[in-house]
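Please read the structure alongside this walk-through, which goes from the nonpolar cores to a sheet, the cysteines and one histidine.

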Amino acid sequence: MESTTLPDEIWLYILEYLDRPVELLSVSLVDRRFQRLAADETLWRRLCALNQYHRLQRDDHLSYKTLFRHHFVLDRNWANSAHQSSHYTQIDELDSRQTRWVTGFVATGGDAPVLFVAYSDGYLRIYNLAREVRLVEKLPLKHNVHLLLLYLDKRRCHALERSDTESSIKSKECESEEPVVPEPRVRLERGVSRGWGTEDLTLVAACGQTIKVWSMDSKTYAKRASIRFDMEGRVRRVCCIDSTSYIISGDDGGNIALWDIRTGRKIKDVDWLATGVCSFDATPRGEYGIIAAGCDDCTTRIWDLNTDKRHVLQGHRLPVWAVLLEGDYLFTGSFDSTIRVWDLAGNCLALLTSHMSVVYHLGVIRSSSVTSIVSVCHNGLIAVHTIVPTSIKNVGQPETTNVACVRHCNDQLTVVSSKARNVSSKVPEYIDGNGRYWIVLHSGGRLSIFRPNPLTVAAIDSSTPPSPKSPLSFTSKAETPQTSVTLVRTIQTRLRLVFQLVVMQTGILLVGLPGIGTEGYTNKDRTAVVRFYDFECRDDV
């Protein structure tokens, strides 16, 4: 064939139009030349960028084809129940009574996963999850712990950072002169911070009116030093500022304090809250960062720790239960079932009315090309909201033509909210996500794994502008609504009671009591169980 005489550069340009790996692998079966061309790094680097498979610094020695395979198999293990039995570990060595409830819980994944569990018996237990779930340390506490935070050591933090070589990758759909919204740093597991480059792990525990800080050896988890902070009231919320040594604490009296856990001193104190703090979030910016607090008095407070500027955001009619800082936007969810989008100057940019009950969870979708969040209300409805700045006039067409959404447009941004989906017939016991998958815990110990569907729509349609009297308007595209999330699979944990749950990038971790009829347990058994569903890519897969 004459086409085979084309130079390799021409064929590589043609193969760049293959967006699915199965097509590229089929090309590799033609002959040895196409097998060599199909293994080119530029093709697999582009596929990694299209599927949001990010290279980490610990993956610098891997080829992009191996990196794509690793993430592809990880997604398959998340979605395929056939791999469940070979990717989880269960232990029964906690020797717990039924009255010893779990009061604190924090875990991190990566190359050296570790779990910290605090029980009401006054002991903190540390488990290593690297190859087997085993107890490595047991620390006594004088008071019951009700909040836990973890600052990673330098080695773990280095393994979670993205490689700089990835920042220049763009798919051919994004190659234009239009400005691209910079992607914020990927959030870690709930309560986990990247730290400030120390060689030790740092654990922060809230005990009544006291905050305790322990410095631990990153390998043996032996306690090296401890610091104690005292608050005027009972500590209600504690939040870490990522990549720094600062924590924010709020008590039930409305007092907020900024602490430096590296030096053990209080940096700043705030007494401008009239009531208690319902929710906290912080983002690093400048020397300290910016914090947002949702309060009982229906207001949200923004505090720039660098300039000491403060803003009181009013608009919600009931207490603000969820706050989320992402990029240049602040999202707040309230008991009045609404979500508001603000800028950091305190201006309300959008009012979202996708829910009919208390909005108690807000999360970021890290696989979206623009800022997309997931909101969950108390009755189990999940909705997806996509934020499109007006600087991007076109971010592509919808993934399907069957999208039902609500748009809010103004001079600064457009918010597109998809139709909410009811993921539970009853009120879900727990909901958490890792930015790619969201887990819903139902009564009876059943887990449902959902994946959000971020919307990619045109920012402003000049032919049908929204009415200025009604900023919320339904699009006319959808006759049959598309749901905001897709059910991936369900897992029966066989736990009659689940104390805590955390979703990591590579799996799901639970602590609870086994159900009646579970193999190895009897009706009178009071042994607690740590169950780890590990979906990490294995060498034998």
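The paragraphs below take up these topics in turn. The model is predicted.

Start with the nonpolar cores. The largest of them has 21 residues. Those with the most contacts inside this core are Phe116, Leu124, Leu148, Leu150, Leu203 and Met216. Two or more residues each come from strand E3 (114-119), strand E4 (123-128), strand E6 (147-151), strand E8 (201-207) and strand E9 (210-216). The most is given by E8, which supplies four residues. Leu124 can serve as a way into this region: leaving out residues up to four places away in sequence, Leu124 touches Phe116, Val117, Ala118, Glu137, Lys138, Leu139, Leu141, Leu148 and Leu203. There is also a second, separate core of 18 residues, and among its members are Leu115, Met504, Val511 and Leu513.

Next comes a sheet. In what order do the four strands of the open sheet lie? The order is E15-E16-E17-E18, with antiparallel pairing. Strand E15 (277-283) and strand E18 (310-314) are the edge strands, each pairing on one side only. From one strand to the next, the twist averages 15°. Between E15 and strand E16 (residues 290-295), the antiparallel pairing runs over six bridges. Ser279 stands opposite Gly294 in E16.

The cysteines follow. With a cut-off of 2.5 Å between cysteine sulfur atoms, the count of disulfides is zero. For Cys240, the nearest cysteine sulfur belongs to Cys239 and is 5.6 Å away, and Cys240 is in no disulfide. Cys240 has a relative accessible area of 12% and is therefore buried, the limit for that class being under 20%. Cys295 is likewise in no disulfide; its nearest cysteine sulfur, that of Cys278, lies 7.1 Å away. Cys295 has a relative accessible area of 1%, so Cys295 is buried.

The last stop is His385, found in strand E25 (residues 381-389). Is His385 buried or exposed? His385 counts as buried because its relative accessibility is 0%. Which residues are in contact with His385, leaving aside its neighbours within four places in sequence? They are Ile339, Leu352, Ser354, Thr371, Ser372, Ile373, Ser375, Val416 and Ser417. With one of these, Ser417, the side chain of His385 makes a polar contact of 2.7 Å, joining it to the Ser417 side chain.

Key:
Residues are numbered from 1 along each chain as its sequence is written. This is a predicted model: local features need pLDDT of at least 70, side-chain atom pairs count only at pLDDT 80 or more; totals for chains, interfaces and linings use all residues. Side-chain values use heavy atoms; hydrogens and water are left out. Buried means under 20% relative accessible area, exposed over 50%, partly exposed in between (1.4 Å probe, protein chains only). A polar contact is a pair of N or O atoms within 3.5 Å; within protein, one must be able to donate a hydrogen and the other to accept it, and residues adjacent in sequence count only if both atoms are side-chain atoms. Contact means heavy atoms within 4.5 Å. Two strands pair if DSSP finds at least two bridges between them. Axes are lines fitted to C-alpha atoms, for helices over the stretch in contact, and angles run from 0 to 180 degrees between N-to-C directions. A nonpolar core is a set of buried Ala, Val, Leu, Ile, Met, Phe, Trp, Tyr and Cys residues joined through side-chain atoms within 4.5 Å.
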